[in-house]
Every structure is written in C-alpha cells, then in structure tokens.
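Grab a pencil and get ready to read a protein fold piece by piece. Try each exercise yourself before you peek at the solution.

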Amino acid sequence: GGVVVKKVFFTNSTTTNSTVKPVIMKFYVEEVPNYVAKSINIGDAVEDEAKSIALGNITDYTVSDGFMYVPDKEGNLHKSPKDGYSSLEITTELNAQIIENGIAINGNKYGVGHSFTIRAGKGKIYLRVSGIEEKQ
C-alpha cells in the first residue's frame, strides 16, 4: 500500500473580516467575600485567570450587599442577605473583535453568561460576563 499525503490549509475568516474595536465588558457576581471586593480599584487590569488573556482595565465597579437564594418549605427560592459578602459588578474597556455571539480575543470567544475566574487588582473572582457592547 502506498502512503497518501494531504495538505490542508486553514483560513480564519473571523480574523480577516473582523476589525478590532473598543468594547465595554461587564462582569457580575452575587456573592464574593467583602475582603475580595475591597481588593480592586479603578484602573486595575483584569485578566482571564486560566488563559492569561487581558480583558481590559476597570473603568467602574459597584459593590452592593451580597446575597444568596434560599428555598422555602415549598421549594420556592427567595433572595436572602449573606453577611460578610458583597455582590460586585465590574466594568472594563478593551479592544476586541465583535463576533455574532460576543467578542473574540486572540481566537478566544467570550459571551454574556460566560462563567470563569478573573484576576482583578489583588483579587481572584469567579463570576459571569453580564454585558458586552461596542463602545460608542
């Protein structure tokens, strides 16, 4: 039997057709220890902890009371305060490719609802992407 060699060429159409644009990205977490919420500041760099991908710098953040959902006797969930914890919303600005389901940074895709761990300032936080929009 002979050996068949195939050459396959890949093209990345998202790279050639999409331009990098300024993007506003928002992150949210319902409960993070207060000491972690206090460890971030405006201007701090944010990165995807697992992939070491820069996700911009913090332009705004809001710290509110932490909460969790607790079931009652019927199994209905009710919002309940959680002492020692804060909820946190972080806003960053970065440059990224805008794609159909969110953004792409060096081929890594991020969309609203995406859950992962970030490093922000001195903190390490497991949270979700709560918003992505092109900066106007």
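Below are six exercises on this predicted model, each with a worked solution.

**Exercise 1. Get an overview of the chain: how many helices and strands are there, and what pattern do they follow along the sequence?**

Solution.
- Step 1: Count the elements. The chain has 2 helices and 8 strands.
- Step 2: Walk along the sequence. You should get α-β-α-β-β-β-β-β-β-β.
- Step 3: Look at how much is tucked away. Of the 136 residues, 32% count as buried.
- Step 4: Check the surface. The accessible area of the chain is about 8900 Å², and 49% of that belongs to carbon and sulfur atoms.
- Step 5: See how far apart contacting residues are in sequence. Among contacts with a separation of 6 or more, 64% are between residues 24 or more positions apart.

**Exercise 2. Find the largest nonpolar core and say which of its residues touch the most other members.**

Solution.
- Step 1: Start with a general idea. In soluble globular proteins, nonpolar side chains tend to be buried together.
- Step 2: Pick out the core here. The largest one holds 25 residues, and Phe27, Leu55, Ile90, Ile118 and Ile125 touch the most other members.
- Step 3: Ask where the core residues come from. S1, helix H2 (34-37), S3, S4, strand S5 (102-105), S7 and S8 each give two or more.
- Step 4: Name the top contributor. That's S1, which gives 5 residues.
- Step 5: Zoom in on Ile90. Leaving aside neighbours within four places in sequence, Ile90 is in contact with residues including Phe27, Ile118 and Ile125. Polar or charged names turn up too: Lys26 and Asp60 are among the contacts of Ile90.

**Exercise 3. Work out which residues of S7 sit on its covered face and which on its uncovered face.**

Solution.
- Step 1: Recall the rule. In a regular strand the side chains alternate between the two faces of the sheet.
- Step 2: Sort the residues. Phe116, Ile118 and Ala120 make up the covered face of S7, while Ser115, Thr117 and Arg119 make up the uncovered one.
- Step 3: Link back to the core. Ile118, from the covered face, is also one of the core residues that touch the most other members.

**Exercise 4. Describe how S7 pairs with S2 and with S8.**

Solution.
- Step 1: Take S2. S2 and S7 run antiparallel, with 3 bridges, and Asp48 stands opposite Ile118 in S7.
- Step 2: Now take S8. S7 and S8 are also paired in the antiparallel sense, over 6 bridges. In S8, Tyr126 is the bridge partner of Thr117.
- Step 3: Look at the turn. S7 and S8 form a hairpin with 2 residues between them, and Gly121 in that turn has a positive phi of about 60°.

**Exercise 5. Search for salt bridges: how many are there in the whole structure, and what do some of them link?**

Solution.
- Step 1: Remember the principle. Side chains of opposite charge can pair when their charged atoms come close.
- Step 2: Count. The search turns up 5 salt bridges.
- Step 3: Look at Glu30 and Arg128. Their closest N and O atoms are 2.8 Å apart. Glu30 is in strand S1 (residues 20-33) and Arg128 in strand S8 (residues 123-134), so this pair ties together parts 98 residues apart in sequence. Glu30 has 22% relative accessible area and Arg128 has 30%, so both fall in the partly exposed range between 20% and 50%.
- Step 4: Move to Glu49 and Arg119. Here the closest N and O atoms are 3.3 Å apart. Glu49 is in the loop between strand S2 (45-48) and strand S3 (53-71), Arg119 is in strand S7 (residues 115-120), and 70 residues separate them.
- Step 5: Try Glu93 and Lys135. This salt bridge has an N to O distance of 2.8 Å. It links strand S4 (residues 77-99) with the segment after S8, 42 residues apart.
- Step 6: Spot the network. Through shared partners, salt bridges join Glu49, Arg119 and Lys124.

**Exercise 6. Decide whether Asp83 is buried or exposed.**

Solution.
- Step 1: Locate the residue. Asp83 is in strand S4.
- Step 2: Use the cut-off. Asp83 has a relative accessible area of 74%, and exposed means over 50%, so Asp83 is exposed.
- Step 3: Add a distance. The C-alpha atoms of Asp83 and Phe67 are separated by 8.1 Å, with the two residues 16 apart along the chain.

How values were computed
Residues numbered from 1 in each chain as written. Predicted model: local features only at pLDDT ≥ 70, side-chain atom pairs only at ≥ 80, totals over all residues. Heavy atoms only, no water. Salt bridge = Lys/Arg side-chain N within 4 Å of Asp/Glu carboxyl O. Helix = DSSP H or I, 4+ residues; strand = E, 2+ residues; numbered from the N terminus. Buried < 20%, exposed > 50% of the residue type's maximum accessible area, 1.4 Å probe, protein only. Contact = heavy atoms within 4.5 Å. Areas by Shrake-Rupley, 256 points an atom, 1.4 Å probe, with all protein chains shown as cover. Core = buried A, V, L, I, M, F, W, Y, C linked by side-chain atoms within 4.5 Å. Pairing = 2+ DSSP bridges.
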